[in-house]
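The report below goes through the disulfide, the sheets, two helices and the nonpolar cores. A table of paired strands is included.

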Amino acid sequence: MKNLILSTAALALTAGMAMADGHAVVRMGTEGAYPPYNFLNDAGEVDGFERELGDELCARAELTCEWVTNEWDSIIPNLVSGNYDVIMAGMSITDERDEVIDFSDPYTQPDPSAFLSMNADFDIEGSVVAAQAGTIQASYVAESGATLLEFATPDETVAAVKNGEADAVLADKAFLAPVAEADADMTLVSQDVLIGGGIGLGLRESDAELREKFSAAIQSMKDDGTLNELIVKWLPDSATF
């Protein structure tokens, strides 16, 4: 990762941030359990689409950044309490979340969600559907009238279908497609579910200047095409800008 030092003029926004060698460090919080967006590689390091994108955004914004992992169900509270400075964890921008934290400009288009089931004729009506707790998919299932089973991690939602606890799982299609390809007993239900407003970085509402720095970096990557290149590399079924 290219670590560039914050300019003196920008230091005012870093009062709550960690320090290293006398310089402010922006702590990037992610789950590390949601491939291809973010995961831990064989060396135990954060990897994936958001790691590569986040490193480039930090370089363009001239920020020194480090990565930390946090469980999904406490990822917003621990941002607000100051355990890290940014959430970059496949988090869709929603009105409900925006009441608690701020978001950068989106770095993906609204990503289609999908149902994964062992029944190709799956119908949500009257079904039991697994979803990761605190996600837009969990809210969608709850509002649909189906029975919602919530789990702490995405892998647990898939396991619930395999062991018969749930009839299907609803999650980002980019996460479920490789699961379906690797398991002949699992199938993606044909119709995508479009929910959410794209994925962005989550920041504390008090960090407006930091938010603007990241949004400007995102826009620069949209303008020169490098963001689309990363989307094609890591999320080949997703829409580009």
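How many disulfides does a search of the whole structure find? The search finds 1 disulfide, a disulfide being a pair of cysteine sulfur atoms within 2.5 Å. This is a predicted model, in which local features need pLDDT of at least 70 and side-chain atom pairs count only at pLDDT 80 or more, while totals for chains, interfaces and linings use all residues. Residues are numbered from 1 along each chain as its sequence is written, and side-chain values use heavy atoms, with hydrogens and water left out.

**Disulfide**

The disulfide is formed by Cys58 and Cys65, with their sulfur atoms 2.1 Å apart. The torsion about the S-S bond of Cys58 and Cys65 is about -100 degrees, so the disulfide is left-handed. Cys58 counts as buried at 0% relative accessibility, and Cys65 counts as buried at 3%. Buried stands for under 20% relative accessible area, exposed for over 50%, and partly exposed for values in between (1.4 Å probe, protein chains only).

**Sheets**

Helices (H or I, at least four residues) and strands (E, at least two) are DSSP runs, numbered from the N terminus. Two strands pair if DSSP finds at least two bridges between them. Strands of a sheet pair through backbone hydrogen bonds, either parallel or antiparallel.

An open sheet of 3 strands has the order E3-E4-E5, with antiparallel pairing. Strand E3 (33-34) and strand E5 (46-47) stand at its edges, each with a single partner strand, so one side of each is left without a neighbour in the sheet.

Another open sheet has 5 strands in the order E11-E10-E12-E9-E13, and its pairing is mixed. Its edge strands are E11 (147-151) and E13 (187-188), each of which pairs on one side only. In E9, 5 of the 5 residues are buried, so this strand is largely enclosed by the rest of the structure. Ser113, Phe115 and Ser117 point one way from E9, and Ala114 and Leu116 point the other way.

Three antiparallel pairs are listed here, each with one residue and the residue across from it.

| Strand pair | Bridges | Residue and partner |
|---|---|---|
| E4 and E5 | 2 bridges | Phe39 and Asp47 in E5 |
| E9 and E12 | 5 bridges | Leu116 and Val169 in E12 |
| E9 and E13 | 2 bridges | Ser117 and Thr187 in E13 |

**Helices H5 and H7**

Pro154, Thr157, Val158, Ala160 and Val161 are buried in H5. They cover an arc of only 150 degrees around the axis, which puts them on the same side of H5; the arc is that of the directions from the helix axis to the C-beta atoms. The buried residues of H5 pack against E3, E9, strand E10 (128-132), E11, E12 and H6. Gly164, just after H5, takes a positive phi of about 90 degrees.

Helix H7 (residues 208-224) has 17 residues, which at 1.5 Å a residue should span 24 Å; its end C-alpha atoms are 25 Å apart, which agrees. The expected span is 1.5 Å times one less than the number of residues. Which residues of H7 are buried? They are Leu210, Arg211, Phe214, Ser215, Ala217, Ile218 and Met221. Seen down the axis of H7, these buried residues fall within an arc of 160 degrees, so they line one face of the helix. Gly225 follows H7 and has a positive phi, near 90 degrees.

**Nonpolar cores**

A nonpolar core is a set of buried Ala, Val, Leu, Ile, Met, Phe, Trp, Tyr and Cys residues joined through side-chain atoms within 4.5 Å. The largest has 44 residues, of which Met28, Phe49, Leu53, Leu57, Tyr107, Leu201 and Phe214 touch the most other members. The elements that each supply at least two residues of this core include strand E2 (23-30), helix H1 (49-60), H7 and helix H8 (226-234). Apart from this core lies another, of 11 residues, among them Phe122, Val141, Ala168 and Ile195.

Contact means heavy atoms within 4.5 Å. Leaving aside neighbours within four places in sequence, the contacts of Leu201 include Met28, Leu57, Tyr107, Phe214 and Ile218.

**Tyr84**

Tyr84 lies in the loop between helix H2 (75-80) and strand E7 (86-87). Tyr84 is buried, with a relative accessible area of 2%. Leaving aside neighbours within four places in sequence, Tyr84 is in contact with residues including Arg27, Val68, Asn78 and Arg204.
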